[in-house]
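Reader: I'm new to reading protein structures. Could you walk me through this one with me asking and you answering?

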Amino acid sequence: MQVIVAEDISKKYIIDHQKAMRKSSTLRDTFSEKFKHFFGKGEQDEIEKEEFWALRDVNFTVEQGDRVGIVGHNGAGKSTLLKILSKITEPSAGKVTIKGRVASLLEVGTGFHPELTGRENIYLNGAILGMKKHEIKAAFDSIIDFAGVEKFLDTPVKRYSSGMYVRLGFAISAHLSPEILIIDEVLAVGDADFQKKCLGKMRDVSESGRTILFVSHNLAAVQSLCNRAFYFEHGQLKMQGDTTHVVNNYLSHVAKTNLEHYWETPEQGPGNDQVRFRTVRIDPDFQEGKNYIDVRTSVKVHIEFWNMLERADLNLSLHLYAFTGECIFNVGTTSQSFEKGLVTATLEIPGNFLNDGSYVISIMVVKDTSTVLFQLPEALSFEVEDHREGVTWYGKWPGYVRPQLNFQINQSEVLV
Amino acid sequence: MKYSEEVVIEAGHGAKNYWKDLWKNRELLWILSKRDLSVRYKQTAIGAAWAVLRPFATTVVMVFVFSKIARLKGDVGIPYPLMVLAGITIWNLFANTFTQISHSILINSNLVTKTYFPRLIMPLSSVIVGFIDFLISLFLYAVIAIWYQHPPNWQIILLPVFVLLSLLAALSFGLIFAVMNVRFRDIGQLIPFLVQIGFYVCPIAYSGKLVEANHDVWWYDIYYLNPLVSIIDGFKWCLLGDGAFFNIEHLYSAMGIIALTLGISIYYFRKEENSFVDYI
């Protein structure tokens, strides 16, 4: 059964260029504009208005019990869609039919008042989310237990740590019992333990046959939770279908990679009169069915350069930098004697070694193991996407590397 | 699974079950009012005493200025301070409620951008808050009336009518300002100014009899276009008894003006409320 049917929904915003600096227009502007128009003036300094379509002709249906992940860049229209579905803003055109009680969680702890105590805020937030007083009462103990704030129930929430605040907010919304749940990025906050709780709760919700729409940049969470996915780009629904398929497609568009450079002749290649590069290239050994690099993928770095020197002792040195600039490692080849001509080198970076993130490679040609002949600073760049199996935690995995090391655990004794 | 409701979201169509929704959300209405009331005096030393202290201090100053310095005469047989306090009580009900309604959407902008509920809940909760503040200052009036040994007459039973009219007037003007305030922050500057003017234009610190004495002057009819004038006169009449000036004929036109404004403002509010989030 279809619980959400969206037909050609669009949302248009008007952007005033002239007033771009101001947060809100003033009465005087409006009046003076009207005045100018009335007297036929204002043709030259007409406010330049630009239409911006946050959503354009979006069509989809959601079946009962579907868990839909919504992915896309910032500004692709995901949040606008959620706002329309939760009736916060109306579409400029089109129609949505929704069957069932909707609860939307666009923020954790909406309407929390800093001066009010935890207890008062539970009732306030619950009412804002559409719970009845008796429903909140019934869930009250379970909420404070889930949030772990028993001791601070009668403390104003302005004295809460940010973690407590978020936990309380999520705990309340976790006790909503809607038929359709709309969630925007709530997992982005909270510690690992708490995120695990949240995902567990969301799984419970979906297993009870309720429908979930879930916007997140956390693709690992989307893949684990959702059976379907929507991929938005520039306000349009670019792709929908099976989660893995859509996420793969999205990732292959997202990755800001620079995987290959090739220069046909030595004159074109970067370098000097001693060495010139011909090729730098990354060859990923993709996982089956994937077309992006994830933490399991091993990659080969191919380098080819022209050596213009007669009989020189050369070696290559390669630095791998994290996007933030830290050097992860530096490896060198052995130094060898080369004749004038092409030299080829290959480095294999194994899978299950780098953590997810963006990386940049720089390459140096070194003579006599001491003199740098030429350096190609940002020769290549690539992104490693996250992938997890057998874990229910989706927070950012810490560290620059994520090696799989032999880490044994055994029961050494059983207490009777 | 049986579905509790079906919702159709379409451009330019307000929610179909708006008034039903409003009723369903009455708990939210109450809890928002409770929030505003309980938050107000948090971290203050004398707390709710402010609700009494402010009208009391205003009365003392007004009595001093108008009675001792300007030597205005009140209605016969009515203690002047009591007349001023009655006027201030009803005026504050209107002015506080009006001001709060005008800001109700903006101060709740975090709710407007993140959740849906009939937006009329916010101004309506301001009405409740205004009413409860009023009850406190009415208590102050009762204490002072006992001090002056000036008990009310039978007219006291009509008091709720004028309280209701005053709240409706606050709602009808407030809704328009609340909507405009979302787009034009000028309104925030304008409101205290309007309230200040109103305080002097309305018969609060002086008796309506002084106005009536000028009934052949050009501004007389214009003066009574202000619906608050006869509401205030009527309220004073209810509390102070027959001695207080009240011309019931002016009340009919006031009621007509309020009904018309209320109709327009609710229509305007309903038309604009779905776009609040785009402009706030």
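Author: Sure, and one term comes up right away: two strands count as paired if DSSP finds at least two bridges between them. Keep in mind too that this is a predicted model.

Reader: Okay, let's use that term. In β7(A), which residue is the bridge partner of Ile70(A)?

Author: Start with the strands: β3 (residues 67-72) of chain A is joined to β7(A) by four bridges, and the two run parallel. Ile70(A) is matched across that pairing with a residue of β7(A), and the partner is Val215(A).

Reader: And which residue of β7(A) does Ile180(A) stand opposite?

Author: Here the pairing is between β6 (residues 180-184) of chain A and β7(A), again in the parallel sense, over five bridges. In general, strands of a sheet pair through backbone hydrogen bonds, either parallel or antiparallel. Within β7(A), the residue facing Ile180(A) is Thr211(A).

Reader: How many residues of strand β7 of chain A are buried?

Author: A residue is buried if 20 or more other C-beta atoms lie within 10 Å of its own. Thr211(A), Leu213(A) and Val215(A) point one way from the strand, Ile212(A) and Phe214(A) point the other way, and all are buried. That fits a general pattern: in a regular strand the side chains alternate between the two faces of the sheet. For β7 (residues 211-215) of chain A, the count is five of its five residues.

Reader: Let's zoom out. How far apart do the C-alpha centres of the domains of chain A lie?

Author: Chain A is divided into domain 1 (63-94 + 101-253) and domain 2 (260-384). Overall, chain A has eight helices and 18 strands, and buried residues make up 37% of its 416 residues. The C-alpha centres of domain 1 and domain 2 of chain A are separated by 44 Å.

Reader: There's an open sheet of four strands in chain A. In what order do the strands come?

Author: The pairing in this sheet is antiparallel. Its edge strands, β10 (260-262) and β16 (341-349) of chain A, each pair on one side only. Neighbouring strands are turned by 20 degrees against each other on average, direction ignored. Reading across the sheet in chain A, the order is β10-β11-β12-β16.

Reader: What is the bridge partner of Phe277(A) in β12(A)?

Author: Strand β11 (residues 275-285) of chain A runs antiparallel to β12 (residues 298-307) of chain A, and 10 bridges join them. Across that pairing, Phe277(A) is matched with Phe305(A).

Reader: Now chain B. How compact is it, going by its radius of gyration?

Author: Chain B has 13 helices and one strand, and along the sequence the strand comes at the start of the pattern β-α-α-α-α-α-α-α-α-α-α-α-α-α. For 280 residues the globule rule gives 19 Å, and the chain comes close to that, so it is as compact as a globular protein of that length, with a radius of gyration of 21 Å.

Reader: What share of the residues in chain B is buried?

Author: The C-alpha trace of chain B spans about 70 × 50 × 35 Å along its principal axes. Of the chain B contacts with a separation of 6 or more, 84% are between residues 24 or more positions apart. As for burial, among the 280 residues of chain B the buried share is 41%.

Reader: I spotted Trp50(B). Is Trp50(B) buried, exposed or partly exposed?

Author: Trp50(B) is found in helix α3 (residues 49-69) of chain B. Leaving out residues up to four places away in sequence, Trp50(B) touches Tyr41(B) and Thr44(B). Buried takes 20 or more other C-beta atoms within 10 Å, and exposed takes 12 or fewer. Trp50(B) has 14, so Trp50(B) is partly exposed.

Reader: Which element gives the largest share of the side of chain B that touches chain A?

Author: Across the interface, 31 residues of chain B are in contact with 39 residues of chain A. On the chain B side, β1 (6-10), α2 (26-40), α5 (109-112) and α13 (276-279) each supply at least two residues. The largest share, six residues, comes from α2(B).

Reader: Last one: which residue in β1(B) does Lys95(A) stand opposite?

Author: Strand β4 (residues 93-99) of chain A and β1(B) pair across the two chains in the antiparallel sense, over five bridges. In that pairing, Lys95(A) faces Glu10(B).

Definitions and conventions
Residues are numbered from 1 along each chain as its sequence is written. Chains are lettered from A and ligands numbered from 1 in the order in which they are written. This is a predicted model: local features need pLDDT of at least 70, side-chain atom pairs count only at pLDDT 80 or more; totals for chains, interfaces and linings use all residues. Two residues are in contact if their C-beta atoms, placed from the backbone, lie within 7 Å. Axes are lines fitted to C-alpha atoms, for helices over the stretch in contact, and angles run from 0 to 180 degrees between N-to-C directions. The radius of gyration is taken over C-alpha atoms; the globule rule is 2.2 Å times the number of residues to the power 0.38. Domain bounds come from an automatic or database domain assignment.
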